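Please study the structure shown below before attempting the exercises. Each task is followed by a worked solution that proceeds in steps.

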Amino acid sequence: MTQSVMKTYAPADVVFDKGEGVFLFAEDGKRFLDFGAGVAVTCLGHAHPHLVAALTEQAQKLWHCSNLYKIKGQERFARRLAENTFADVAFSCNSGAEANECAIKVARKHFAAKGSDRYRILTFAGAFHGRTMATLSAGKQAKHCDGFGPMLDGFDQVAFNDLDAAKAAITDKTAAILVEPVQGEGGMRPADVAFLQGLRALCDEHGLLLMFDEVQTGVGRTGKLFAHEWAGVTPDVMAIAKGIGGGFPVGACLATNEAASGMAPGSHGSTYGGNPLAMAAANAVLDVVLEDGFLDHVSKMGALFKARLQDVVDAHPTVVTGVRGRGLMLALECKVTNTDLVAKCFANGLLAVPAGDNVMRLLPPLVVQEEHIEAAIAILMRSCAELSEK
Ligand SMILES: *Cc1c(COP(=O)(O)O)cnc(C)c1O
């Protein structure tokens with residue numbers, strides 16, 4: 001059945017044809033607890049009534065018109081992001097990689113427009129910024145870059161959480177620093193608060209742009225609207241995607257007016273960017289995530305889930321050795337191969353996502369309730385028990 005699909009994926013042998021809240025249903029009727037959320041995307045679960053209504057209403061009015069004309073939904077989306085973050089402006093696009101591409105272009109253009117020859121961007125080992133050529137070049141992970149060379153020039157990389165190395169790598173050609181507040185694909189590795197604060201200070205000292213990739217950490221995932229709020233520092237530019245569309249492909253690059261000062265009409269664009277359907281979905285996500293108490297729910301569920309995951313670690317130390325993460329962006333450190341645990345959970349009806357550093361990510365929809373967490377813990381206990389019997 002998948003023979004005509006280019007062989008870039010190795011999907012599990014299941015076809016889902018319906019979703020409801022935190023559950024996915026396979027064609028054969030089998031029910032799965034979806035704690036992968038399509039890799040941190042379906043933040044309001046499946047078929048959330050408010051999202052379905054917003055998208056259905058928009059689908060009957062207008063699908064697409066392009067940025068040759070004003071798009072009300074896009075203006076509202078950008079204004080709401082500005083009202084709730086450090087940013088003044090937002091560029092709408094369709095994915096995380098595109099959001100980071102825009103961030104990279106914003107940085108280069110910022111300096112070029114000022115007549116400066118700063119263009120290099122500092123990134124960190126273990127980073128993941130997407131699969132386009134520029135974002136691969138930024139991430140520098142061999143497993144993603146192999147065979148796609150030559151990579152794009154202009155990216156330097158040092159160890160994650162190593163402020164001295166970052167400081168030493170800054171030259172008179174450095175334009176910006178790009179970092180994930182928590183490395184997601186890299187293994188749910190949080191940046192130290194002092195590291196993020198130190199990067200902010202370095203950028204201020206050298207006149208560089210600080211750019212956060214919050215494609216995975218954003219939109220409430222860690223219990224704050226954006227994860228950098230935990231560190232009390234703001235960036236100049238930020239890439240978001242994944243959760244912001246709730247399952248509809250949406251990305252955005254946010255920036256201060258000063259950081260985006262080089263971006264004049266014609267300097268960047270996207271045919272689909274700000275598409276009315278996408279904006280209806282994104283605005284509907286914001287309606288829910290910005291509601292009073294929503295982020296408190298994420299923090300509460302996150303703390304409960306993390307404590308219960310520790311119980312799994314305590315019960316099965318030969319299978320899992322620790323818990324990482326914050327809010328509902330959590331991971332189990334595995335002693336077994338992480339993909340074996342993911343497969344075992346899958347067989348037992350729980351979806352999770354492997355990541356670097358041999359961890360298994362647990363990224364439930366942010367609307368998850370205690371009963372779902374307990375159901376997931378029961379499956380995890382059983383899956384670990386089955387693996388430790390071997
Ligand atoms: C997923 C992800 C991306 C890439 O997003 P796409 O929508 O797949 O292009 C970039 N950065 C981070 C931190 C991500 O988690």
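The exercises below treat the domains, the sheets and the helix contacts of this predicted model.

**Exercise 1. Domains**

Task: State how the protein chain is divided into domains, and describe how the domains are placed relative to each other.

Solution. Step 1: The assignment gives domain 1, made of 16–34 + 292–388, and domain 2, covering 50–289. Step 2: Taken over C-alpha atoms, the centres of domain 1 and domain 2 are 27 Å apart. Step 3: At the contact, 20 residues of domain 1 meet 19 residues of domain 2.

**Exercise 2. The sheet of 7 strands**

Task: Give the strand order of the open sheet of 7 strands, and identify its edge strands.

Solution. Step 1: The order is E4-E12-E11-E10-E7-E5-E6, and the pairing is mixed. Step 2: Strand E4 (89–93) and strand E6 (155–158) are the edge strands, each pairing on one side only. Step 3: On average, neighbouring strands of this sheet are turned by 20° against each other, with direction ignored.

Task: Describe how E4 is joined to strand E12, and which helices pack on this sheet.

Solution. Step 1: E4 and strand E12 (residues 251–255) run antiparallel and are joined by 5 bridges. Step 2: Within this pairing, Phe91 stands opposite Cys253 in E12. Step 3: Helix H3 (residues 72–84) packs on the sheet, where H3 touches E4, strand E11 (237–240) and E12. The direction of H3 makes about 130° with that of E4. Step 4: Helix H4 (residues 96–113) lies across several strands, including E4, strand E5 (120–124) and strand E7 (174–179). H4 runs at about 175° to strand E10 (209–213).

**Exercise 3. The sheet of 4 strands**

Task: Determine the order of the open sheet of 4 strands, and explain why one side of each edge strand is left without a neighbour.

Solution. Step 1: The order is E13-E14-E17-E16, with antiparallel pairing. Step 2: Strand E13 (320–326) and strand E16 (353–355) stand at the edges and have a single partner strand each, so one side of each lacks a neighbour in the sheet. Step 3: From one strand to the next, the twist averages 30°. Step 4: E13 pairs with strand E14 (residues 329–334) over 6 bridges in the antiparallel sense; Val323 stands opposite Leu332 in E14. Step 5: Helix H10 (residues 294–315) lies across E13, E14 and strand E17 (359–362), and H10 runs at about 170° to E13.

**Exercise 4. Two helix pairs**

Task: Classify the orientation of H2 and H9, and describe their contact.

Solution. Step 1: The axes of helix H2 (residues 49–59) and helix H9 (residues 276–289) come within 9 Å and cross at roughly 155°. Step 2: Angles over 145 degrees count as roughly antiparallel; H2 and H9 are therefore roughly antiparallel to each other. Step 3: The crossing of H2 and H9 is right-handed. Step 4: Among the contact residues are Leu51 and Leu55 of H2, and Ala281 and Val285 of H9. Step 5: The contact of H2 with H9 comprises 11 nonpolar, 2 polar and 1 charged residues.

Task: Classify the orientation of H11 and H12, and describe their contact.

Solution. Step 1: The axes of helix H11 (residues 338–347) and helix H12 (residues 370–389) cross at roughly 120° and come within 9 Å. Step 2: H11 and H12 are therefore oblique to each other. Step 3: H11 passes H12 in a right-handed crossing. Step 4: Asp340, Leu341, Lys344 and Cys345 in H11 meet residues in H12, including Ile379, Ser383 and Leu387. Step 5: The residues of the contact of H11 with H12 comprise 6 nonpolar, 1 polar and 3 charged.

How values were computed
Residues are numbered from 1 along each chain as its sequence is written. This is a predicted model: local features need pLDDT of at least 70, side-chain atom pairs count only at pLDDT 80 or more; totals for chains, interfaces and linings use all residues. Side-chain values use heavy atoms; hydrogens and water are left out. Two strands pair if DSSP finds at least two bridges between them. Axes are lines fitted to C-alpha atoms, for helices over the stretch in contact, and angles run from 0 to 180 degrees between N-to-C directions. Contact means heavy atoms within 4.5 Å. Angles under 35 degrees count as roughly parallel, over 145 as roughly antiparallel, 65 to 115 as roughly perpendicular and the rest as oblique. A crossing is left-handed if the near helix is turned anticlockwise from the far one by less than a right angle, and right-handed if clockwise. Ala, Val, Leu, Ile, Met, Phe, Trp, Tyr, Cys and Pro count as nonpolar, Asp, Glu, Lys and Arg as charged, and the others, Gly among them, as polar. Domain bounds come from an automatic or database domain assignment.
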